[in-house]
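Me: Please take a close look at one part of this model, the salt bridges, and place them in the fold. Keep the account plain and connected.

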Amino acid sequence: MGSDLMYLTYETRTGAICGQSTSEPPNYPGYASIALPIAPDINANYVDGPAVKPRVTIDWAKVPSDAFVSTNDAVPVTGFVLPTAPGTWRLRAVGKYRGERTLTIQTPAEVDATLIDQTKTEGERRRMLVMSPGGSKKTVYSLKQSEVDNWNDLGSSIATSLTAFLGLPVIKQKRKFRFALAEAAFRGEPNPAAAIARFAAGSDAANAEAARIEAIEQAGVAAIKAATTIAAKRAAYAAINWNWSA
């Protein structure tokens, strides 16, 4: 054959093209060569008899019976069935079919840990929508809550609390109700009662939502742990209703 030809070496069993050269390669057991005037894309094609044909993308959901598939770099075989045993499986189609996939099958304990972690992560994400994520703002919220508690300690009603507040020395008023006094002054309010009410309302709403989410999270985690099969654990996770309310 002329030197202008391109030689493809392929595996006779699978048709997978292994290489190409401008000179005729030696014969090796299990391999053959074919000469072509133009070299094709060796990754996108395979050899079927005397012809070079385009490879077909494999459907891993329904692997054809004639597909050669390598599992964890082992010798490719036909009649492939997806693994069911726990582990990580590297799948690669060769020859007529093309495609790769990494399949991870978890043990029940691994599924348990994964789903519980996902549940707790989602719970934390939702709580952070109504609570301070940290830093100075978290400190401010804590101090405001202390002011609400201090105000409630002064009396059982707004009137009695206000009377007790007015009876405190000014220095104690400032130390116990620094944020409420600042907000009242900014808003032009005569005393901190309205500011304290706003602090309490905000805190109550955030705490109620955090408690709701916590109840859902804990129940979800318990259901996942109680399930005895992988399918049941996944069903328990899918059944978590983050929109529940009492």
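Reply:

**Salt bridges in the context of the fold**

The protein chain has seven helices and nine strands. Its radius of gyration is 35 Å, well over the 18 Å that the globule rule gives for 246 residues, so the chain is more spread out than a compact globule. The model is a predicted one. Along the principal axes, the C-alpha atoms fill a box of roughly 110 × 45 × 20 Å. Of the 246 residues, 32% count as buried. The chain exposes about 14800 Å², and carbon and sulfur atoms supply 57% of that area. Among contacts between residues at least 6 apart in sequence, 46% join residues at least 24 apart.

Now the salt bridges. A search of the whole structure finds 13 of them. One of these pairs D73 with R90, with an N to O distance of 3.4 Å. This pair links distant parts of the chain: D73 sits in the loop between β7 and β8, R90 belongs to strand β8, and the two are 17 residues apart. D73 counts as exposed because its relative accessibility is 59%, over the 50% cut-off. R90, at 41% relative accessibility, counts as partly exposed.

The backbone at this loop also deserves a look. Phi of D73 is near 65°, a positive value in a residue other than glycine. N72 is not a glycine either, and has a positive phi of about 50°. N72 lies in the loop between β7 (68-71) and β8 (87-94), and counts as partly exposed at 29% relative accessibility.

Another salt bridge joins E189 and R198, whose closest N and O atoms are 3.0 Å apart. R198 counts as partly exposed, with 28% relative accessibility.

In E209 and R212, the closest N and O atoms of the salt bridge are 2.9 Å apart. Both residues are in helix α6, and because they are three residues apart there, about one helical turn separates them. The partners fall into separate accessibility classes: E209 is partly exposed at 24%, while R212 is buried at 17%, since buried means under 20%. Beyond this pair, E124, R127, E214 and E217 are joined into one network by salt bridges that share partners.

Helix α6 brings the nonpolar interior into the account as well. In soluble globular proteins, nonpolar side chains tend to be buried together. The largest nonpolar core here has twelve residues, among them V148, W151, F165, I196 and F199. At least two residues of this core come from each of α2, α3 (158-166) and α6 (193-226). The largest share, five residues, is that of α6. A second, separate core has eleven residues, including A67, F80, L91 and L103.

Some nonpolar side chains are at the surface instead. L129, V130 and M131 make a nonpolar surface patch of about 260 Å². M131 lies in the loop between α1 (108-127) and α2 (135-154), and with 34% relative accessibility it counts as partly exposed.

To draw the salt bridges together: D73 and R90 link a loop to strand β8, whereas E209 and R212 lie within helix α6. Helix α6 also gives five residues to the largest nonpolar core.

Technical notes
Residues are numbered from 1 along each chain as its sequence is written. This is a predicted model: local features need pLDDT of at least 70, side-chain atom pairs count only at pLDDT 80 or more; totals for chains, interfaces and linings use all residues. Side-chain values use heavy atoms; hydrogens and water are left out. Patches are made of residues with over 30% relative accessible area and no salt bridge: like charges are joined within 9 Å, nonpolar side chains (Val, Leu, Ile, Met, Phe, Trp, Tyr) within 5 Å. Accessible areas come from the Shrake-Rupley method with a 1.4 Å probe; for residues, only the protein chains shown count as cover. A salt bridge is a side-chain nitrogen of Lys or Arg within 4 Å of a carboxyl oxygen of Asp or Glu. Helices (H or I, at least four residues) and strands (E, at least two) are DSSP runs, numbered from the N terminus. Buried means under 20% relative accessible area, exposed over 50%, partly exposed in between (1.4 Å probe, protein chains only). A nonpolar core is a set of buried Ala, Val, Leu, Ile, Met, Phe, Trp, Tyr and Cys residues joined through side-chain atoms within 4.5 Å. The radius of gyration is taken over C-alpha atoms; the globule rule is 2.2 Å times the number of residues to the power 0.38. Contact means heavy atoms within 4.5 Å.
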